[in-house]
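User: Please take a close look at one part of this model, the surroundings of the ligand, and follow the elements there into the rest of the fold. I would like one connected account, with the cut-offs behind each term.

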Amino acid sequence: MPFIDLNKKETLSAKQYDFVIIGAGASGIMLAVKLSASGKQVLLVESGHFSVDEERQQLNEVTHSSKKLENAVWGRKRAVGGTTLAWGGQSLPFSRIDFTERDWVNNSGWPISFDDLEAHYKMANEFMQIDTLDYRDDILPNIKLSPAPDFDTSVINYHVSKWANEPNFVNLYRKQLEQQIDVVYNAVLIQVIKEGTAITAIQIANFNKQHFTIAVSGRLILSVGGIETSRILLLNKLGNPEWVGKCFMDHPCIEVGLVRTSNEYALQRQFNTHIWQGRKYSIRLSLSEQVQQEKKLLNCSGTIMFTASAEQFDPYAELKAFKKDFKIGRLFKVSGKSIEILKSVIAYIRHRFYYKINTEAKLLLMMEQEPDTGSYISLSDQVDIFNKPKANINWVITKKTWETAVSTAKYIERELERLKLGTVSLYKHIDLDTSSWSSYLTDVNHHMGGARMSGSEKEGVVDSNLKVWGTDNLYICSCAVFPTSSHSNPTLTMLALANRLHQHLLSTSSPV
Ligand SMILES: Cc1cc2nc3c(=O)[nH]c(=O)nc-3n(C[C@H](O)[C@H](O)[C@H](O)COP(=O)(O)OP(=O)(O)OC[C@H]3O[C@@H](n4cnc5c(N)ncnc54)[C@H](O)[C@@H]3O)c2cc1C
């Protein structure tokens, strides 16, 4: 089935689909590929085309009424492939504690547990073509990190995240998208039509501003990302109005200090990027469940980033460039640095990590954001090119996030120094009394919340099967459904939910 460019269409066929999915990003592609592989008729509707451009991206414009997101317009991609065109593909499951109700974390608790998702995490890793080993004990020997440093596990966990070799889902699944699925692109969802409790049709528009109505005879799934989900629900008055848009979250990030050592090789061996089977692995230090409970903190993890100045010699980059483009000048540069190159090659071959000399070691944190109803998405008084109100973002971070940052920085400092891996100089503002603490935190395009999953209709927007409460056939598959955010990169958990949803949809028939 060839891709369908809606800009070149006057009418659409009246074909009936089991599933209409809006959004050909990470979750939309996974659902479409899996459902069509199970013999289902799937229509995938995507606002972008096969590359990003200003006209499509301006649909991402938002207004802000509180702390600003760094890049809401370009930090989400309007294209076939969605934000997988830009993301790093770093994956790490949430921890058990993230799913539990914690009496010290407002609005915490998922209606499902880690055990409900465990098998789906493996399937999500498989879909991303990442190994399915666990994120610590199984993987560490392969990246020559066994035994792990002797961190006090009652305080800090030492584990890894995995990066996909090919993060772009169009590159991974183009054949399936083209052969198994009807993908209509340049097609923007404009309206969702509901009769009683059933979604019966949608209206989409192309960039010539022509409108098309598509009947929904099966189930409709919104896979439009963490911000657009709330916007579409609000525009169409769908879902529990008490909760739609509420508890918007990102992962607040911060650089907290520098790690100094007399043994740069040993420090980088434990904390710099490792490589196995062509994949990258990053070392993460996360706050133990025990400390979170005892000190009433959120989840949080730290990484050490090794940065060199732009002028500094980068042995891997030089060798790569030298291999690609042989030049005499480059030969002199490389041969004058033979010791550096040798050390880097040994690190790579013997211990499977990137070693760079004379770098600055920065300690960075990525934090869970406490879900708070004061942090929300609403509709703006400005409109987009289709005359629809833009999303307004009211991003608010509670003080608990700052307390978590300060405490985690100090726990990591204590452990690194106890293990004699380095000494940590925390920046002066890493202090509970810092008054403008929120200005030090940045977002990382991990948009979560706004359509939270809940055990009862009164407490959220979707049920544990991701069906919008009060509807028969409307589902949401994006990080918008997360009740809490963990410190882990979110997409793997969203893909695990997509896999679980796919199984649920196959095991139930459409009610309409
Ligand atoms: C630079 C960068 C790096 C990142 N790195 C990581 C990482 O390493 N690990 C990680 O876990 N996460 C990372 N993320 C976040 C990750 O990209 C997102 O969590 C993920 O892509 C979300 O998937 P999604 O399917 O919900 O949304 P998307 O992938 O954004 O897809 C949504 C799709 O819906 C379409 N759409 C929206 N509205 C409409 C509409 N009205 N009509 C039709 N179509 C519509 C959009 O055009 C888009 O194609 C990163 C993000 C960025 C920007």
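Analyst: **The shell around the ligand**

Four elements, α1 (26-37), β8 (188-195), α5 (228-235) and α12 (491-507), each contribute at least two residues to the shell around the ligand; helices (H or I, at least four residues) and strands (E, at least two) are DSSP runs numbered from the N terminus. The model is a predicted one, in which local features need pLDDT of at least 70 and side-chain atom pairs count only at pLDDT 80 or more, while totals for chains, interfaces and linings use all residues. Residues are numbered from 1 along each chain as its sequence is written, and side-chain values use heavy atoms, with hydrogens and water left out.

The ligand is surrounded by 34 residues, of which Glu46, Thr83, Gln90, Leu189 and Thr491 come nearest; a residue counts here if one of its heavy atoms lies within 4 Å of the ligand. Sorted by class, the shell holds 13 nonpolar, 17 polar and 4 charged residues, where Asp, Glu, Lys and Arg are charged, Ala, Val, Leu, Ile, Met, Phe, Trp, Tyr, Cys and Pro are nonpolar, and the others, Gly among them, are polar.

Polar contacts to the ligand (pairs of N or O atoms within 3.5 Å) include a polar side-chain atom of Arg78, 3.2 Å from a ligand nitrogen atom, and one of Ser47, 3.0 Å from a ligand oxygen atom. The backbone takes part as well, with a polar atom of Ala79 lying 3.1 Å from an oxygen atom of the ligand. On its own the ligand has 1,000 Å² of accessible area, and the protein covers 90% of it (Shrake-Rupley method, 1.4 Å probe).

One of the shell elements, α5, also leads to a sheet. Three strands form this open sheet in the order β4-β18-β17, with mixed pairing (strands pair if DSSP finds at least two bridges between them). Because β4 (62-64) and β17 (376-383) are at the edges with a single partner strand each, one side of each has no neighbour in the sheet. From one strand to the next the twist averages 40°.

β17 pairs with β18 (residues 389-394) in the antiparallel sense over 5 bridges, and Ser378 stands opposite Asn392 in β18. α5 packs on this sheet, touching β17 and β18, and its direction makes about 70° with that of β17; contact means heavy atoms within 4.5 Å, and angles run from 0 to 180 degrees between the N-to-C directions of axes fitted to C-alpha atoms, for helices over the stretch in contact.

Methods: A polar contact is a pair of N or O atoms within 3.5 Å; within protein, one must be able to donate a hydrogen and the other to accept it, and residues adjacent in sequence count only if both atoms are side-chain atoms.
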